[in-house]
Amino acid sequence: MPDQLLFGMEVFLNGLMAGVLYALVALGFVLIYKASGIFNYAQGVMALFAALTLVGIMEGQVPFAHLINAVFGTEVHHFGWHLPALVGIILTVGVMVVLAWLVNTLIMKHLVNQEPIILFMATIGLAYFMEGLGDLMWGADIKKLDVGLPQGINGVIDTVTYDIFGYGFFIDNLDIWATVIAAILVIALMIFSQYTKQGRALRAVADDHQAALSVGISLNFIWVLVWSIAGFVALVAGIMWGAKSGVQFSLSLIALKALPVLMLGGFTSIPGAIVGGLIIGVGEKLFEFAIGPMVGGATENWFAYVLALLFLVFRPQGLFGEKIIERV
Amino acid sequence: MLDATQDGYTTADGRKIGGVVMEMKNITLRFGGVVAIKDISFDIREGEIRAIIGPNGAGKSSMLNVISGFYVPQEGEVLYKGKPRPQMKPYQVARQGIARTFQNIALFEGMTVLDNVMTGRLNKMKTNMFQQGLWKGAAEREEVENREVVEKVIDFLEIQNIRKTPVARLPYGLKKRVELARALAAEPSLLLLDEPMAGMNVEEKEDMSRFILDVNDEFGTTIALIEHDMGVVMDLSDRVVVMDYGKKIGDGTPDEVRSNQDVIDAYLGVAHD
């Protein structure tokens with residue numbers, strides 16, 4: 001096989017892996033949008049906040065250390081412990097649940113039945129607030145996140161592909177793990193939504209508030225649950241991105257890449273978020289590989305958005321979104 | 001008229017009506033300066049079909065919303081099964097065994113008929129999320145039991161052939177029936193129907209009337225309903241409350257109400273001089 005084709009295949013596989021990470025962020029958007037009609041601009045920041053909190057807890061950082069030291073003139077920075085990743089993750093999930101409860105109780109509960117644009121504005125405010133809170137709690141420096149997932153080139157794939165094609169594929173172990181974990185997460189979410197009482201209640205609330213109340217569903221409970229799940233998905237996304245490129249504040253910008261993913265996949269479809277993420281991931285890598293050199297590169301910055309624009313023109317509901325029907 | 005201390009009564013067609021299930025005491029509901037309900041008291045007895053009627057804007061729907069917890073009255077007391085009911089959210093009222101339908105149909109449009117009716121059973125499920133996710137043992141048995149109740153209701157209301165159809169595709173009359181099925185699936189001790197016949201043609205009205213009577217007869221369900229169609233109300237109900245401009249102007253059997261001068265005036269209008 002010619003080298004160009006083999007290299008293209010490798011790019012394709014790496015694109016799939018990158019797409020999984022986009023899909024993970026997009027998934028959080030879809031969950032909240034489906035259940036409450038809120039487009040949660042803060043989803044990317046939630047991923048950042050979750051990752052910061054996880055690192056902070058694992059490394060025994062004192063939250064608000066700078067603030068405490070400035071006010072009381074103390075010198076505290078660390079509790080002096082190092083927790084295993086699993087304990088850290090469980091505690092972080094707890095933090096995200098509390099956060100979900102706070103978001104619902106302090107903000108969303110008071111905005112029920114408001115226009116979507118108002119809810120959207122509220123989440124923009126939430127995004128900036130959480131970014132500031134994350135900074136204040138854990139500091140703005142880039143942190144290394146190691147939850148014990150294997151990193152580096154996968155030797156088996158390298159050897160096998162070398163034996164077959166005479167060209168070893170470079171696939172990162174971390175990407176493989178991200179794919180496996182994302183798959184498990186999606187299956188778990190599907191099971192939750194289809195087979196559990198809470199999942200049914202969630203779908204009911206997404207459909208009609210009044211009717212949901214009349215069959216005895218507590219809207220507040222469902223909303224806290226949805227924000228908690230979105231927080232959990234954000235944590236998973238945060239771990240993957242954090243492990244790949246360090247926990248830094250530019251992480252919140254990956255939320256922007258989730259937008260074209262959603263336009264492709266549709267705002268209301270979980271499979272859509274996955275497929276959309278994969279298409280964007282593969283598309284931008286292959287485009288950069290094939291067309292990039294002709295136009296001077298850096299196509300990855302805009303490819304996704306142009307693709308999304310095309311979709312908005314020709315298929316505004318996305319690949320899997322609910323069809324937009326206006327009755328006159 | 002009956003007083004609340006009585007144990008019950010026997011209807012003209014020989015059905016035994018039991019004690020008081022729901023009692024409204026001096027209910028007053030205001031929206032700002034508008035008095036929607038003014039000092040109304042009445043009761044609903046076990047096993048009866050109780051109608052609330054009145055001209056447009058009389059406050060009937062408001063009254064139903066007070067019973068189901070969607071509105072909180074400023075004054076008065078709600079007694080459920082003999083005990084004063086504290087202020088509750090609508091979902092808590094539903095969990096106490098009060099199911100309802102809506103005037104403008106509130107169904108889960110994206111779900112199938114079967115899924116819609118199954119939501120009526122949500123609060124009967126006791127196993128936890130993880131058991132249900134694994135779909136084994138207790139969770140599976142529970143699902144099967146609840147499914148049986150639901151299938152019975154679906155059979156009863158003759159909607160077997162549309163079980164798997166998404167609700168959004170159904171015509172209006174069938175949607176109303178699905179909504180009734182969902183309410184029935186909860187096996188309520190009090191069923192509230194907000195204009196179950198609104199917007200239906202004659203045939204659909206007859207069907208719905210038959211179902212309401214059958215539900216009451218077969219399951220002994222206590223039903224309180226609001227309706228505009230006087231003919232339907234008089235045929236269906238055991239006792240009728242008549243409201244006008246937020247006030248109660250009549251209460252009694254259909255015959256008593258029909259011969260009540262205030263009621264006749266409210267419906268036919270009266271010369272102001």
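Chain A of this predicted model is built from helices: its secondary structure comes to 14 helices and 0 strands. Anyone tracing the sequence of chain A will therefore meet one α after another, in the pattern α-α-α-α-α-α-α-α-α-α-α-α-α-α.

The overall dimensions of chain A come next. The C-alpha trace spans about 65 × 60 × 40 Å along its principal axes. For 328 residues, a compact globule would be expected to have a radius of gyration near 20 Å, and the 21 Å found for chain A agrees with that. Of the 328 residues in chain A, 43% are buried. Contacts tell a further part of the story: among those in chain A with a separation of 6 or more, 73% join residues that are 24 or more positions apart.

Chain B offers two backbone details to look for. Most residues other than glycine have a negative phi. Against that background, Lys81(B) is worth a look, since this residue is not a glycine and yet has a positive phi of about 50°. Lys81(B) sits in the loop that links β6 (75-80) and β7 (83-84) of chain B. With 15 other C-beta atoms within 10 Å, Lys81(B) is partly exposed, because a residue counts as buried at 20 or more such neighbours and as exposed at 12 or fewer.

The other detail concerns Tyr245(B), also a residue other than glycine, whose phi is positive and near 45°. Its place is the loop between β11 (239-244) and β12 (247-252) of chain B. Here 14 other C-beta atoms lie within 10 Å, so Tyr245(B) is partly exposed.

Conventions: Residues are numbered from 1 along each chain as its sequence is written. Chains are lettered from A and ligands numbered from 1 in the order in which they are written. This is a predicted model: local features need pLDDT of at least 70, side-chain atom pairs count only at pLDDT 80 or more; totals for chains, interfaces and linings use all residues. Helices (H or I, at least four residues) and strands (E, at least two) are DSSP runs, numbered from the N terminus. The radius of gyration is taken over C-alpha atoms; the globule rule is 2.2 Å times the number of residues to the power 0.38. Two residues are in contact if their C-beta atoms, placed from the backbone, lie within 7 Å.
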